[in-house]
Amino acid sequence: MKLPKLQQLKYLVALFDTGHFGHAAKKCFVSQSTLSSAIQALEEQLDSQLIERDHKTFVFTPLGIDVVNKARIILEQSADLVATSSAQGNEFSGELQIGVIPTIAPFVLSPLIKRCVKDYPNLKLFLREDTTENCLSLLREGRLDLVLMATPYETNEFVELSLCKDPFVKVFHPNKQNDNVYLLEKEHCLSDHTIKGCKLTDDANIHPFQASSLNTLLAMVEGHFGETYLPQLAINSGLLVNSSLSCEPIEDSTASRTLSLVWRKTSHRRVFFAQIGDSIKQVLEEILNK
C-alpha cells in the first residue's frame, strides 16, 4: 500500500483545525483545489472516508478524527527528526524555531539573539512573531519548536515552563479627563490578561476602540486623554520614551501576567529546551529589574 505523504497529513490537520477549506488552504499556502485534491487522494490511499461532504458543508467521520490525531503525532515526530538530524546529535547546535507573541517580541528579540549567540554559538536561531493562537497552532504542527508567550492560557496539551512574573503598570495622560480604558484587540491575549489581572470589572469604562498594536494603543491614550495598562517589560524597554504619558505601579501585587515557554510533550529535546528557557529567563529578568 502506498504510504500517505506528510503534506497530505498537514492539509488534513489544517482542515480539521480551521473547519474551512479556504482557510485551511490559506494556512498551508496552497490553493483550495490543491488542498481538496490532496485530501481526496489521501482517502483513496487509505480506502476510507475521512470527511462526509454535503454541498458546501462537511464533517469529519469518527475514523477521520482518529486519523487527524495520529497525523498530529506523525507531523510532530517528523519535525523532531529533522531537528535532531540538523543538530547532528548535538542538542545545542542545528536549528531552533521559536515563536514569540507581539507583546513580548519587540522587547526581548535583540538581547535574546545576543545571548544565544554567546551561549550557543553553533545554534541557528529562527524567530517568528505572531499571535498566541497562531504560534500554538504552528507548534502543534511541528513548524515551531518553542513558543515564548504570556499565561494564563490553555496549554494543557503542551509542556509549560513558567519563567517569571511581568507586573502590569497603569499608563495615563497627565491631563486625564475620563475613566476610558483603552486595550488591544482581543486576539492579543494581553487584553484578557489586563482585564483579569487588573480586575477591570466595569465594562462601561473599557473603550470600544481596540488597537492592533502597542504603538496605536499609546496614540489613542495620548490623543483621547485616557488610560491603559501595560506590562513592566514594555515600560522598562523604553516604550514610553518620547511620549507625554505618565505611568505608576498598581497597588495590587497580583496584577501581572506570567511569561512562559511551551513545547510539545512528545519532543525529545526537553533538556535543551529547559536550558534555553533558563537563558530566556535571564534576559527577561535583566529587563524587568532595570
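Helix 1 of this predicted model buries Q8, L9, Y11, L12, V13, A14 and L15, where buried means under 20% relative accessible area, exposed over 50% and partly exposed in between, with a 1.4 Å probe and protein chains only. Helices (H or I, at least four residues) and strands (E, at least two) are DSSP runs, numbered from the N terminus. An α-helix has 3.6 residues a turn, so residues three or four places apart point the same way. The 13 residues of helix 1, 6–18, should span 18 Å at 1.5 Å a residue, and the end C-alpha atoms are indeed 18 Å apart; the expected span is 1.5 Å times one less than the number of residues. Just after helix 1 comes G19, with a positive phi of about 70°.

A word on conventions helps here. Residues are numbered from 1 along each chain as its sequence is written, and side-chain values use heavy atoms, with hydrogens and water left out. Because the model is predicted, local features need pLDDT of at least 70 and side-chain atom pairs count only at pLDDT 80 or more, while totals for chains, interfaces and linings use all residues.

Helix 10 can be read in the manner of helix 1. Its 19 residues, 270–288, should span 27 Å at 1.5 Å a residue, and the 26 Å between its end C-alpha atoms agrees with this. The buried residues of helix 10 are F272, F273, I276, G277, S279, I280, V283, L284, I287 and L288.

Stepping back to the whole protein, 10 helices and 11 strands are present. The protein is divided into domain 1 (6–87), domain 2 (94–163 + 258–289) and domain 3 (166–256), with bounds that come from an automatic or database domain assignment. The centres of domain 1 and domain 3, taken over C-alpha atoms, are separated by 40 Å. Along the principal axes, the C-alpha trace spans about 70 × 50 × 30 Å. Of the 290 residues, 47% are buried. Contact means heavy atoms within 4.5 Å; among contacts with a separation of 6 or more, 76% are between residues 24 or more positions apart. The protein exposes about 14800 Å², of which carbon and sulfur atoms supply 52%, the areas coming from the Shrake-Rupley method with a 1.4 Å probe and, for residues, only the protein chains shown counting as cover.

Three buried residues illustrate the long-range contacts. D166 is placed in strand 6 and is buried, at a relative accessible area of 0%. The C-alpha atoms of D166 and T258 are separated by 5.9 Å, although these residues are 92 apart along the chain. Beyond neighbours within four places in sequence, D166 is in contact with P231, Q232, L233, S256, R257, L259 and L288. Of these partners, L288 is also listed among the buried residues of helix 10.

H173 lies in the loop between strand 6 and strand 7 (181–184) and counts as buried at 9% relative accessibility. Not counting residues up to four places away in sequence, H173 touches V221, E222, F225, G226, S244 and L245. By C-alpha atoms, H173 and V100 are separated by 29 Å, with their positions 73 residues apart along the chain.

L239, in the loop between helix 9 and strand 10, is buried with a relative accessible area of 18%. L239 and L214 are 25 residues apart in sequence and 8.7 Å apart in space, C-alpha to C-alpha. Leaving aside neighbours within four places in sequence, the contacts of L239 are F107, L214, N215, L218, L230 and A234.

The backbone offers a few points of interest as well. Most residues other than glycine have a negative phi, and most peptide bonds are trans. D47, in the loop between helix 3 (32–46) and strand 1 (51–54), is not a glycine yet has a positive phi of about 55°; D47 is exposed, with a relative accessible area of 69%. N242 also has a positive phi, of about 65°, without being a glycine. N242 is found in the loop between helix 9 (232–236) and strand 10 (246–249) and is exposed, at a relative accessible area of 82%. Finally, a cis peptide bond with omega of about 20° joins T151 and P152, and P152 sits in the loop between strand 5 (146–151) and strand 6 (158–172).
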